[in-house]
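User: Please take a close look at one helix in this model and what its buried side packs against. Then set that part in the context of the chain.

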Amino acid sequence: MEAFMTKRALKRTVREGANDAGHYDDGKVRRLPVEHRSAWSPLSSGPGHEERDQSYLKTIKPKSPGQAGLMEAIDDKNLIMALGPAGTGKTYIAIAKAVEALEAGKVGRIVLSRPAVEAGESIGYLPGDMEDKLAPYLRPLYDALSDRLSVKRMRALMAEGAIEIAPVGFMRGRTLNNAFVVIDEAQNCTYMQLKMLLTRLGWNSTMVVTGDPNQSDLLPGISGLADVAARFEAVENIAVVRLADRDIVRHPLVAEMLGVL
């Protein structure tokens, strides 16, 4: 009878709005039940935010001579090294060209990869399994993709394997045929890692390697990007495109900051 009356009293207080925060004056923190959601998804922009879904241009146009040179090199060569400071559009142009090639039927899939290198933090502190831990490192690639494709279209292509995003460590032993491959943040790869990645190139494939040799998160002398690019300068069938501060398309302050940092 007591339990029954308690249940009735509870229903009445809820109906009458008696369970307001003002009725609790004991200063204690009460943990209310929360809805359990799935693990963090790189397709969402953050806690409490809607999924990224924005309009995009079908074709992109270069905003600087350096960007024009990079786009021309991607059209002409199968292996392109795109080096330059932050904000020059290296990754964006590479991924935009990859989506363009996939949609036109020139390649059968897109493979995007970048090293999971910590910038001051350890990957082990992140919660979840290995996929959850790696997701934040790969997030910039999802962002660039979602600027070129709707979320629905991107999910469909990833589900059928037409778009694959993977850390550098998962690329060993593979041969990437009929693919458009983008290796992002290559300044965080060692010489041997770059050698492994570059030799993944297969038939009817294009590979674009992007990075800034002056912004590596590795110890000095460990990054292999500058050395590899210098060696490739003499190879006729490989394009080495060097972007400069004048090619930066972010806020003008970015170019000014990089000039003094």
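Analyst: The buried residues of helix H6 pack against four elements: strand E1 (79-83), strand E4 (179-183), strand E5 (206-211) and helix H7 (225-232). This is a predicted model. H6 itself covers residues 191-198. Its buried residues are Leu194, Met196, Leu197 and Leu198. Each of them falls under 20% relative accessible area. An α-helix has 3.6 residues a turn, so residues three or four places apart point the same way.

Now the wider chain. There are 8 helices and 6 strands. Along the sequence they follow the pattern α-α-β-α-β-α-α-β-β-α-β-α-β-α. Of the 261 residues, 40% count as buried. Contacts also reach across the sequence: among those between residues at least 6 apart, 76% join residues at least 24 apart. The exposed area of the chain is about 15900 Å², with 54% of it supplied by carbon and sulfur atoms.

Another packing site involves two helices. Two packed helices are described by the angle between their axes and the distance between the axes. For H2 (residues 65-76) and H3 (residues 90-103), the axes come within 11 Å and cross at roughly 35°. That crossing is right-handed. H2 contributes Gln67, Leu70, Met71, Ile74 and Asp75 to the contact. H3 contributes Lys90, Ile93, Ala94 and Lys97. By type, the residues of this contact divide into 5 nonpolar, 1 polar and 3 charged.

Terms used. Residues numbered from 1 in each chain as written. Predicted model: local features only at pLDDT ≥ 70, side-chain atom pairs only at ≥ 80, totals over all residues. Heavy atoms only, no water. Axes fitted to C-alpha atoms, helices over the stretch in contact; angles between N-to-C directions. Helix = DSSP H or I, 4+ residues; strand = E, 2+ residues; numbered from the N terminus. Left-handed = near helix turned anticlockwise from the far one by under 90°. Contact = heavy atoms within 4.5 Å. Nonpolar A, V, L, I, M, F, W, Y, C, P; charged D, E, K, R; others polar. Buried < 20%, exposed > 50% of the residue type's maximum accessible area, 1.4 Å probe, protein only. Areas by Shrake-Rupley, 256 points an atom, 1.4 Å probe, with all protein chains shown as cover.
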